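Visitor: Before I take any of the descriptive terms on trust, I would like to hear how each of them is justified. Could you take me through the reasoning step by step?

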Amino acid sequence: MRCGFCLPACPTFKETGVEAESPRGRISLMKATVDGLMEPNVRFEEQMGHCLGCRACEPACPADVKYGQLIEQARDAIEDHTKQHRVWVKGVRKLVFRQLFPHQNRMRLLGKGLRLYQKSGAQTIVRKTGVVGLFSKQMSAMERILPDATGNGVIDQLGTRIPAIGEKVGTVGMFRGCLMDVLFTETNRKTVQLLAKAGFDVVIPEAQNCCGALHAHSGEMDQARQLARHNIRAFQDAGVDYIVSNAGGCGAILVEYDHLLHEDDQWHEQAKWFASRVKDISTILLEKGRPLPFAEGPGVRITYQDSCHLRNVMKAGESPRKLLKQLPNTTFVEMKDAGSCCGSAGIYNLTEPDMANTILDRKMDHAKSTEAHYIVTSNPGCLLQMKLGIDKHAAGMNMQAVHIVDFLYERV
């Protein structure tokens, strides 16, 4: 199929108008490489890297082409054969993808280190001297909006099993994530407490690890599969009815564990069991939980920025909106192109800052036109990106970016 319905859905094509920057163009490049018509040179690698992986092309495709799976396979092949990475790049990738993210205890140490940096005065010195900006203006901008880190995750605060408040309606497993539990621990804690208020016993398997999304998107598929097997075992042992994610990026890989392990005869059936039980926090609260007792509060105006993976992969774009529209004294304003990527896309805003910032600039034009007090979103990467957008474009406005869990919790 080469119909081109995917083109207007693609953020990079919308910005450039270049065929190669579209899903159709990238698939053509992949096919030409496989057929031996072109070499997978540095330009090919760059074009595969320019893709945000937002997967907005998939709902637009009448033939149901699995573009997300194709781009991950292409990146996996690139990582197996590339000669473009410098030695230090390979070292950093190995450190981050294999020695840091898969190990929760090391992530906690990272959290403690970041907290020390933030609370010791070192952060103030770094900001005043502009040291981070010497390496990267984008890193400097991201450092400004970094939330308070912690080395004490949700299990340290609440334990591994939290009983339902009132009549029990089911048992859910909480996927705590890796960066979520370091930089957004309060959001994790509030997620558990919302679930308990909605009637769920909440189990947080201590043995769980990173979801593997960043690994899969970056061409580290073997490592992603290893992480998936570990998580499947952890949640099966926990005996839960559903597995709840509060991060769209994590949820999208969790719900596709069956595809990730489709060639693994030993694990495929278990992966199907796991994937069929994954639910976003908004969906589980809306469809399975008892209604939350939302309180009257001061009138506010809100808008919603979609998490691409929650909308395009988990097919749960309406659940957050329905929940938000239930809140009293809250005016919901739909943002233009709310379903279009904000430019975060995992670590895309660090690896491709120019395109990420161009996309963010357009997004903030739409956000400001809503005149909302709050931009609500359902993914930590999107949240940081929107905070960055407000810092750059709306610092003088009464506007905040907030995770949907935090927003709901404060109104219960």
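Guide: What follows is a set of questions about a predicted model, each answered by setting a value against its cut-off.

Visitor: How do you know that the overall dimensions agree with those of a compact globule?

Guide: A compact globule of 412 residues would have a radius of gyration near 22 Å, and because the protein has 21 Å, the two agree. Along the principal axes, the C-alpha atoms fill a box of roughly 65 × 55 × 45 Å, and within the protein there are 25 helices and nine strands.

Visitor: What makes up the interior and the surface, in terms of burial and accessible area?

Guide: Of the 412 residues, 53% are buried, where buried means under 20% relative accessible area. The accessible surface comes to about 18700 Å², and 51% of that belongs to carbon and sulfur atoms. As for charge, the protein has 51 positive and 46 negative side chains, with the centres of the two sets 3 Å apart.

Visitor: How are contacts spread along the sequence?

Guide: Among contacts between residues at least 6 apart in sequence, 78% join residues at least 24 apart.

Visitor: Why is the pair C211 and C250 not called a disulfide?

Guide: A disulfide requires two cysteine sulfur atoms within 2.5 Å. The cysteine sulfur nearest to that of C211 belongs to C250 and is 3.7 Å away, so by this cut-off C211 is in no disulfide. Likewise C250 is in no disulfide, its nearest cysteine sulfur being that of C211, and a search of the whole structure finds zero disulfides.

Visitor: Why are C211 and C250 called buried?

Guide: The cut-off is under 20% relative accessible area; C211 has 5% and therefore counts as buried, and C250, at 14%, is buried as well.

Visitor: Which residues of helix α21 are buried, and what do they pack against?

Guide: In α21, which covers residues 318-325, the buried residues are S319, P320, R321, L323 and L324. They pack against helices and strands including α19 (281-287), β6 (300-304), β8 (374-377) and α25 (404-409).

Visitor: Why is K315 called exposed, whereas D337 is called partly exposed?

Guide: Exposed means over 50% relative accessible area, and partly exposed covers the range between that and the buried cut-off of 20%. K315 has 57% and is therefore exposed, while D337, with 39%, is partly exposed. K315 is found in the loop between α20 and α21, and D337 lies in the loop between β7 and α22 (348-351).

Visitor: What makes the backbone at K315 and D337 worth a second look?

Guide: Most residues other than glycine have a negative phi. Phi of K315, however, is near 55°, a positive value in a residue other than glycine, and phi of D337 is likewise near 55°.

Visitor: How do you know that R127 and D391 are partly exposed, and which residues do they contact?

Guide: R127, in helix α8 (residues 122-129), has a relative accessible area of 40% and so is partly exposed; D391, in helix α24 (residues 380-393), has 32% and is partly exposed too. Leaving aside neighbours within four places in sequence, R127 is in contact with E143 and R144, and D391 with R144 and I145. The C-alpha atoms of D391 and A141 are separated by 8.8 Å, although these residues are 250 apart along the chain.

Conventions:
Residues are numbered from 1 along each chain as its sequence is written. This is a predicted model: local features need pLDDT of at least 70, side-chain atom pairs count only at pLDDT 80 or more; totals for chains, interfaces and linings use all residues. Side-chain values use heavy atoms; hydrogens and water are left out. Helices (H or I, at least four residues) and strands (E, at least two) are DSSP runs, numbered from the N terminus. The radius of gyration is taken over C-alpha atoms; the globule rule is 2.2 Å times the number of residues to the power 0.38. Buried means under 20% relative accessible area, exposed over 50%, partly exposed in between (1.4 Å probe, protein chains only). Contact means heavy atoms within 4.5 Å. Accessible areas come from the Shrake-Rupley method with a 1.4 Å probe; for residues, only the protein chains shown count as cover. Lys and Arg count as positive and Asp and Glu as negative; His and the chain ends are not counted. The place of a charge is taken as NZ of Lys, CZ of Arg, CG of Asp or CD of Glu.
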